[in-house]
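Trainee: I'd like to slow down and look closely at one helix and what surrounds it. Could you take me through that part, and then outward from it as far as seems useful?

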Amino acid sequence: MSAIKDINLAPSGALKIDWVRKNCPLLRSLEEDFSRTRPFEGIRIALSIHLEAKTAYLCKVLASGGAEMFITGSNPLSTQDDVAAALVRDGLNVYAWYDCTAEEYDANMEKVLSHNCNIIIDDGGDLVHMLHTSMRDRIQYVIGGCEETTTGIIRLIAMAKKNELQFPMVMVNNADCKHLFDNRYGTGQSVFDGINRTTNLIVAGKYVVVAGYGWCGKGVAMRAKGLGAKVIVTEIDPVKAIEAVMDGFEVMPMNEAARIGDFFITVTGCAGVIDEEDFRVMKNGAILCNAGHFDVEIDMKRLREIAISAIEQRKNITGYQISEDSWIYVLAEGRLVNLAAGDGHPAEIMDMSFAIQALSAKYLVENAGNLSEKLISVPREVDLEVANRKLSFLGVSIDQLTPEQEKYLNSSSLDM
């Protein structure tokens, strides 16, 4: 039933998953709870998230609760074949392999959705998009879904505004225990893990241009500063631009930054953020990478068209000659540098994000048929449960309101 690269790679993948399990106490606790209560008994879950060890452990946690899992990757370059093999060896259904073609990527999603799944766990919105276009006949089986990313939520909001969204979707990315930590600390660290291991170049003393100052951009800029870089932020939102200025960063339009930058990192969720006009004025040797979801933030199509020549400089680095004496280099083909050229976010960070995912999926099953809204915020009690469990595992305790304090905060007069 599965389609993967090589089942013989499973032992290596199993070791990776075991390492994640040892460093994800939240998910371990949910695995124990789910094994006992079986909240997903009889439920089929379709999942499309970057298929590496942390995602694999989420799949195993859901399976421990009785779910039948149908899994594919959300990016052709982020699937780890040994991890996929380990899941198949453990009885889960996987359709994914590293460096699949666009046609194979779509075919794998079709195979996942062909199993009439009840819960959709998406990363970027591709599964949901396919259900609403070429596989509408499968919508009847769907209870609801969860979306992991900012990009995916942007797509969902656009669908909801047009009254096109046919089932409830939980906006997992918007949960405090997701975006405040995953997007900021996870992206910040993992982006430079990918850059550093791929280029083997120093960041200190260089200009790092960060396109976008949302939570991901904040994390990337913070880590670049910590590595000794001179950080420039580009933005379209005046409020975020002011915030970047007050955080100590230079702010300017991309075409100005393009003339200065040594490293360029896009984290906007938009297309054409770095385009031909920018390519033409960049320094010889400038390095470009993307930490947004899709490979459209850097206009790779146009870059390939205008390049005099191209060469694979080393793994995950492609050089494009723009003029006789000017080359620019793109990491991981403009796809997610932290996953296509690295292992993604740290396990302890994804422990929180995937705990939100698992509990949100449970919420959908428990409330099947009773959810009238199509876009659903993660329930506050889920956020608080994850935060409290995480604090406990960190060995941290916090204050509690006394009955008198609760009364005071809930009083209109604010008199003690």
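In H4, which residues are buried?

Mentor: Happy to. First, a word on what we are looking at: this is a predicted model, in which local features need pLDDT of at least 70, side-chain atom pairs count only at pLDDT 80 or more, and totals for chains, interfaces and linings use all residues. Residues are numbered from 1 along each chain as its sequence is written, and side-chain values use heavy atoms, leaving out hydrogens and water.

Now to your helix. Asp81, Asp82, Val83, Ala84, Ala85, Ala86, Leu87 and Val88 of H4 are buried (under 20% relative accessible area with a 1.4 Å probe and protein chains only; exposed is over 50%, partly exposed in between). That makes eight of the nine residues of H4, so the helix is mostly covered. Helices (H or I, at least four residues) and strands (E, at least two) are DSSP runs, numbered from the N terminus. The cover over the buried residues of H4 includes helix H1 (10-22), helix H3 (53-64), strand E2 (68-72) and strand E3 (93-94), with contact meaning heavy atoms within 4.5 Å. Just after H4 the backbone has a feature to look at: Gly91 takes a positive phi of about 95°.

Two of those covering elements, E2 and E3, lead us into a sheet. It is an open one of seven strands with parallel pairing, ordered E3-E2-E1-E4-E5-E6-E15; two strands pair if DSSP finds at least two bridges between them. E3 and strand E15 (375-377) are the edges: each has a single partner strand, so one side of each has no neighbour in the sheet. E3 pairs with E2 in the parallel sense over two bridges, and Phe70 stands opposite Asn93 in E3. H3, which we met as part of the cover of H4, also packs on this sheet, touching strand E1 (44-48), E2 and strand E4 (119-122), and its direction makes about 175° with that of E1. Helix H5 (residues 102-113) lies across E1, E2 and E4 as well, running at about 170° to E2. For these angles, axes are lines fitted to C-alpha atoms (for helices over the stretch in contact), and values run from 0 to 180 degrees between N-to-C directions.

Further along the chain there is another sheet. This one is open too, with eight strands in the order E9-E8-E7-E10-E11-E14-E13-E12, but its pairing is mixed. Strand E9 (250-251) and strand E12 (309-314) are its edge strands, each pairing on one side only. Helix H9 (residues 215-226) packs on this sheet, where it touches strand E7 (207-211), strand E8 (230-234) and strand E10 (263-266); the direction of H9 makes about 170° with that of E7.

Within that order, E11 deserves its own look. Parallel to E11 (residues 286-290) runs E14 (residues 326-331), joined to it by three bridges, and Ile287 has Tyr329 of E14 as its bridge partner. E10 also runs parallel to E11, with four bridges between them; here Phe264 is partnered with Leu288 in E11. Like H4, E11 is mostly covered: five of its five residues are buried. In a regular strand the side chains alternate between the two faces of the sheet. In E11, Ala286, Leu288 and Asn290 point one way, Ile287 and Cys289 the other, and all are buried.

A few loop residues round off the tour. Gly261 sits in the loop between helix H11 (254-257) and E10, and counts as buried at 0% relative accessibility. Setting aside neighbours within four places in sequence, Gly261 is in contact with Tyr207, Val209, Lys283 and Ala286. For a sense of span, Gly261 and Asp351 are 90 residues apart in sequence and 34 Å apart in space, C-alpha to C-alpha.

Finally, come back to positive phi, as at Gly91. Ala332 has a positive phi of about 55° although it is not a glycine; it lies in the loop between E14 and H14 and is buried, with a relative accessible area of 1%. Asn163, also not a glycine, has a positive phi of about 60°. The place of Asn163 is in the loop between helix H7 (150-161) and strand E6 (169-171), and at 68% relative accessibility Asn163 counts as exposed.
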